[in-house]
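Biologist: Could you walk me through this model before I start reading it on my own?
Modeller: Gladly; here it is.

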Amino acid sequence: MIKARVTVTLKNGVLDPQGKAIEGALGALGFDGVGHVRQGKVFDLELQTADKAKAEAELKDMCEKLLANTVIENYTIALA
């Protein structure tokens, strides 16, 4: 079994209204000096294989087909 973490974030240049709202809320809560907040998604998965190359290929396919909107989002894959 292989554990993996996929992190999906908006590409640079894509507007992030949720990140901007978080940035404003942090300032309102007294956390000064916080800027340029970007939000994203994290997926933790367990794959029933011991083959890391196969796992990486499957994870990339999952990201391209479902987990990330590759037009506006980037993703990274980390195997544990």
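Modeller: What follows goes through the sheet, the helices and a few single residues.

Biologist: What should I know before trusting the details?
Modeller: This is a predicted model, in which local features need pLDDT of at least 70 and side-chain atom pairs count only at pLDDT 80 or more, while totals for chains, interfaces and linings use all residues. Residues are numbered from 1 along each chain as its sequence is written, and side-chain values use heavy atoms, with hydrogens and water left out.

Biologist: OK, the sheet then. In what order do the strands come?
Modeller: The 3 strands form an open sheet in the order β2-β1-β3, with antiparallel pairing; strands here are DSSP runs of E with at least two residues, helices are runs of H or I with at least four, and both are numbered from the N terminus. Two strands are said to pair if DSSP finds at least two bridges between them.

Biologist: Which strands stand at the edges?
Modeller: β2 and β3 do, and each has a single partner strand, so one side of each is left without a neighbour in the sheet. On average, neighbouring strands are turned by 20° against each other, direction ignored; the axes are lines fitted to C-alpha atoms, for helices over the stretch in contact, and angles run from 0 to 180 degrees between N-to-C directions.

Biologist: How many bridges does β1 make with β2, and how many with β3?
Modeller: β1 and β2 pair over 8 bridges, and β1 and β3 over 7. As examples, Val8 has Lys41 as its bridge partner in β2 and stands opposite Tyr75 in β3, while Arg5 stands opposite Asp44 in β2.

Biologist: And which side chains of β1 point to the buried face?
Modeller: Ile2, Ala4, Val6, Val8 and Leu10 point to one face and are buried, whereas Lys3, Arg5, Thr7 and Thr9 alternate with them, point to the other face and are not buried. Buried means under 20% relative accessible area, exposed over 50%, and partly exposed in between, with a 1.4 Å probe and protein chains only.

Biologist: Now α2. Where does it pack?
Modeller: α2 packs on the sheet, touching β1, β2 and β3, and its direction makes about 155° with that of β3; a contact means heavy atoms within 4.5 Å.

Biologist: Which of its residues are buried?
Modeller: Ala55, Leu59, Cys63 and Leu67 are buried in α2. They cover an arc of only 75° around the axis, which puts them on the same side of α2; the arc is that of the directions from the helix axis to the C-beta atoms. On the other side of α2, Ala53 and Lys65 are exposed.

Biologist: What span would a straight helix of that many residues have?
Modeller: With 16 residues at 1.5 Å a residue, a straight helix would span 22 Å, yet α2 spans only 19 Å between its end C-alpha atoms. The expected span is 1.5 Å times one less than the number of residues. In α1 (residues 17-28), the expected span for 12 residues is 16 Å and the end C-alpha atoms are 16 Å apart, which agrees. Just after α1, Gly30 takes a positive phi of about 95°.

Biologist: Back to Cys63, what does it touch?
Modeller: Not counting residues up to four places away in sequence, Cys63 touches Val6, Ala68, Thr70, Tyr75 and Ile77. Cys63 counts as buried because its relative accessibility is 0%.

Biologist: What caps the N-terminal end of α2?
Modeller: Asp51 does, with a side-chain oxygen 3.1 Å from the backbone nitrogen of Ala53, and a polar atom of the Asp51 side chain also lies 3.1 Å from the backbone nitrogen of Lys54. Asp51 is in the loop between β2 and α2, and it counts as partly exposed at 39% relative accessibility.

Biologist: Different spot: is Glu73 buried or exposed?
Modeller: Glu73, in strand β3, is buried, with a relative accessible area of 12%. A polar contact of 3.4 Å joins its side chain to that of Lys41, where a polar contact is a pair of N or O atoms within 3.5 Å; within protein, one must be able to donate a hydrogen and the other to accept it, and residues adjacent in sequence count only if both atoms are side-chain atoms. A polar atom of the Glu73 side chain also lies 2.7 Å from the backbone nitrogen of Asn69.
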